[in-house]
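Welcome! Take a moment to look over the sequence and the structure shown here, and then let us walk through some of the contacts together.

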Amino acid sequence: MKQLINVKQWKKNSMRLLIGAFLLWFVIAFLIYPNFNIILASFRTESGFSFTIVRKLFESPIAMDGLKNSFILAISLAITTNIVGIFIVLVSEYFEIKGAKLLKIGYMTTFIYGGIILVSGYSMIYGENGIVTKTLASFFPNFNVQWFGGFWAVLFVMTVSTTTSHMMFLGNAIKSIDNYTIEAAKNMGASSFYIIRRIVLPVVLPTIFAITILQFLGGLSAFAAPLIIGGKDFQTIAPLILELNKIPGSQGLALMLSLVLGLTTILLLILFTKLEKGGTFFSISKTKAVYVKQKINHKSLHIFVHAIAYLLFIIYVMPVVLIIAFSFTNSAAIHEVKLSFSAFTLDNYLTVFHDIEKITPFFNSANFSIQAAIAVTIIVLLGVGIRRKHDNLFTQFIEYAFLIPWMLPSTLIAIGFLTTYDEPKLIIGNKVLIGTTEILVLAYIIILIPITSRLLRASYQSVDQDYERAAKSLGASSFYTFRRIVLPMLLPTVLALIVLNFNSLLSDYNIAAFLSHPLKEPLGLLIRRYTSVEATGDTQALIYVFSTILMAIAAITVSIVYGWLLKEKKK
Amino acid sequence: MIELQGIEITYDDFIAMNELNITINEGEFFTLLGPSGCGKTSLLRTITGFVSPSKGRIIIDGKDVTDESVEKRGVGIVFQSYAIFPTMNVFENIAFGLRVKRLSKKAIKEKVLEIAQMVDLSEEHLQRNASELSGGQQQRVAIARALVLQPKILCLDEPLSNLDAKLRNQLRVELKRLQKQFGITTVYVTHDQEEALTMSDKIAVFNNGKLEQLGTPNDVFNNPTSDFVATFIGDSNVFETKELATFLNAKNLSRPSGKSYLRLNHVHTKPIKEAIELEGVVTNVEYFGLYSKYTFKTVSGLTLRNVEVDLSNQMNIGDNVTLYLKQRDFIHL
């Protein structure tokens, strides 16, 4: 009997050791080593370790311009997204606006598309062949059809595409304000805008600060927008890193730039964490009054706010509507940018689904995304699970290591993989990862780890430990308890994360641009290739078809996750 | 002071208040009492101006303010949550309305200090953050913030409902003291009958959007005019008047039908003059510390409850007792 218990105990311990060893290897091989290697590689020259690369960076006009542009974009974006973001949140959540529900849906279109698809959508409207450009050119023959490019175009597209966090976080923050405080202020004679300035905004200020930092970081590491519509005059760091990395002899500069990007990100995120911890104003009310929308009593202001709200609605919705509409038209209509019933066709979809070559990138992306989405969930479940069982230095280390990629821009992670695993390395069994499809999946896993870990941990913590204790007291093993008790309780979150992660990777361009296998082109690269100026009506049709499919998948994802999985959990 | 003439409040098809006519006199502590959903808060919000009545007029100091906006009515409000602005300190909270009125810095400071002293808030309290205040201090800040604007009327919406029992009793006394000190006309909303009875000059009892009774605390407690008031305020023994006549063997009851009520304190276990005597047995004892509540079953089959303040008169379940009731203590409705 005693021997049997010993065997059981040994099995249990060896299982834990195995999981611990795997997690340690994974963290070191893919989270720490590649990023650490960038720092070393940046300063490594043929003659040994040297800081000449720093001098080279300062002497390179392209690099300095890129840095300057990135910071200008980041600062401008932090201002413009706040103006637009706060406005659309006030319109959809705070003020009594006619058609607010419809407006809100319009403003939330950024939830279902982003990155390369969004940028291609905007360039389709405002670009050289865009519907707005063509309309303007027909009225003004001397109109410069290449007007939509450079800093202002990038800023415009990025402003309207990055208000997602405002809609997500600021909207909730405003809704959680105690309505009594607003009524109290009104009772004392404060006007609508005085109340916004003195009561509403101060309460949500920490949220605004946090969003601002995220916007700043978004601007700093912007990729798709400056790449496609920035033009030669407005190059920012991230696309520049991609370019420089391809030029022999310039890789060092690319590394340096990614290092600057990484360090700035880390500094700002430290600030972000401080703000997140320190400044939140919790409502001190014991009973809050349910939030009631406010009327704008000033007549001309009422009209003005409505006009701007609907103008923004059109700006937000137009790319989505046009992408979907043009995906059902023939190439002539796309080329002419003219919508008509006679041009309606399902051919584009039939072509995509019948032509193996055309649909392959979609399946490539789907394949990589599902692999990464499932793998990251398993790895994080192991990490979070072991941390719950054993609260010690090792498990804490794993938990913090899981947050590392959160502090690093995806460009840096990609470069880290490129510079580290381009030759056989002992830590991965002397294999070379460059040129394999695994490297892309691994990079995807890495970028998904922080958010997956945070959400799964929160969900895990909400499972009462008494369930596990009860199962243990009834004789269940740890694994059995996990499988039969804990996992079913975590299941909605696990499924939600898999679906959300899958969706977020499907149209990825940023990582794929660096790490994709030449024969296994992912969808993001295909769309980028087709979004060039030379693209014909046929190829543009393909972009629209893929974009429509991706938006449909995203919309389904959002409704599955928020309408079913996480809703069930709330119940 | 406040006249509510034919007030009707509706939300779509739902009638929250039905044709109400009441007058609130100057300096009075007037309580709107009733269960949740009876329309009392809607009425308070109509007086303050947050809700517009679908019918009727609101007259304050002889002036029709029905269509007047919230801030122009001269009505101060203390909310259920106190609604202390969380991003401002105590001083800024109290000064808020004065700043809106664009008073000079000096005038604001003087007024805030003056009112703070009156509600027992020290200068140190004024610099504190709103989140550092206790429930009692929050209430004083909310009252000071409303009173500093010198309103004609103070409206309080269940300000004690979220506090623990001890603090509630303490603040009840303080609130009444402040009201007397300022002599301000006060409209107070509560669902707590004890609060209403102890603090009010007058109570209006509401049920389902209808005024059930208006009177002094003594009136509504001792002379309820409806079944609802008789059961909502105070604890009573309730009987069908018809069956009561048989049980009590009393032939001269004024009305043969309807319900009859007898307050618990009117069921005696010690002999009193001119009483009806009923033999019974103790079936339940509830001990409350300062008093006990007993349930009896009489030989004639009647169930009666009483409250016994004299704790020397302890009884146990199964004890035989003689109960003494006076016929004039019965309320027949």
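Over the ring of which residue does the charged end of R263(B) sit? The ring belongs to F221(B), and the charged end of R263(B) is 4.2 Å from its centre. Please keep in mind as you read on that this is a predicted model.

## Charges over rings

The contact of R263(B) with F221(B) has a companion in chain B: R145(B) places its charged end over the ring of F85(B), at 4.5 Å from the ring centre.

## Aromatic pairs

Over all chains, a search of the whole structure turns up 39 aromatic pairs. One of them joins Y33(A) and Y421(A): the ring centres are 6.4 Å apart and the planes meet at 70°, so this pair is edge-to-face. Y33(A) belongs to helix 1 (residues 2-42) of chain A, while Y421(A) is in the loop between helix 19 (410-420) and helix 20 (438-461) of chain A, so the pair ties together parts that are 388 residues apart in sequence. Y33(A) counts as partly exposed, because its relative accessibility is 25%. Y421(A), with a relative accessible area of 0%, is buried.

Chain B offers a pair with another geometry to look at: F228(B) and F232(B) are stacked, with 5.1 Å from centre to centre and 15° between the planes. These two residues are four apart in helix 9 (residues 227-232) of chain B, so about one helical turn separates them. Both F228(B) and F232(B) are buried.

## A cluster of rings in chain A

Y33(A) and Y421(A) also belong to a cluster linked by ring pairs. Its other members are F22(A), W25(A), F26(A), F30(A) and F417(A).

## Where the chains meet

Now turn to the place where chain A and chain B touch. Here 22 residues of chain A are in contact with 28 residues of chain B. The area buried between the two chains is about 2400 Å², and carbon and sulfur atoms give 67% of it.

How many salt bridges does the rule find across the interface of chain A and chain B? There is one. E183(A) forms a salt bridge with R45(B), and their closest N and O atoms are 2.3 Å apart. Four residue pairs are found in polar contact across this interface. On the side of chain A that touches chain B, the elements giving two or more residues are helix 9 (179-187) and helix 10 (192-220) of chain A. Helix 9 of chain A provides the largest share of that side, seven residues.

Conventions. Residues are numbered from 1 along each chain as its sequence is written. Chains are lettered from A and ligands numbered from 1 in the order in which they are written. This is a predicted model: local features need pLDDT of at least 70, side-chain atom pairs count only at pLDDT 80 or more; totals for chains, interfaces and linings use all residues. Side-chain values use heavy atoms; hydrogens and water are left out. Rings of Phe, Tyr and Trp (its six-membered ring) pair if their centres lie within 6.5 Å; planes under 30 degrees apart count as stacked, over 60 as edge-to-face and the rest as tilted. Buried means under 20% relative accessible area, exposed over 50%, partly exposed in between (1.4 Å probe, protein chains only). A charge sits over a ring if NZ of Lys or CZ of Arg is within 6 Å of the ring centre and within 35 degrees of the ring normal. Contact means heavy atoms within 4.5 Å. Buried area is the accessible area (1.4 Å probe) that two parts lose on being put together, summed over both. A salt bridge is a side-chain nitrogen of Lys or Arg within 4 Å of a carboxyl oxygen of Asp or Glu. A polar contact is a pair of N or O atoms within 3.5 Å; within protein, one must be able to donate a hydrogen and the other to accept it, and residues adjacent in sequence count only if both atoms are side-chain atoms.
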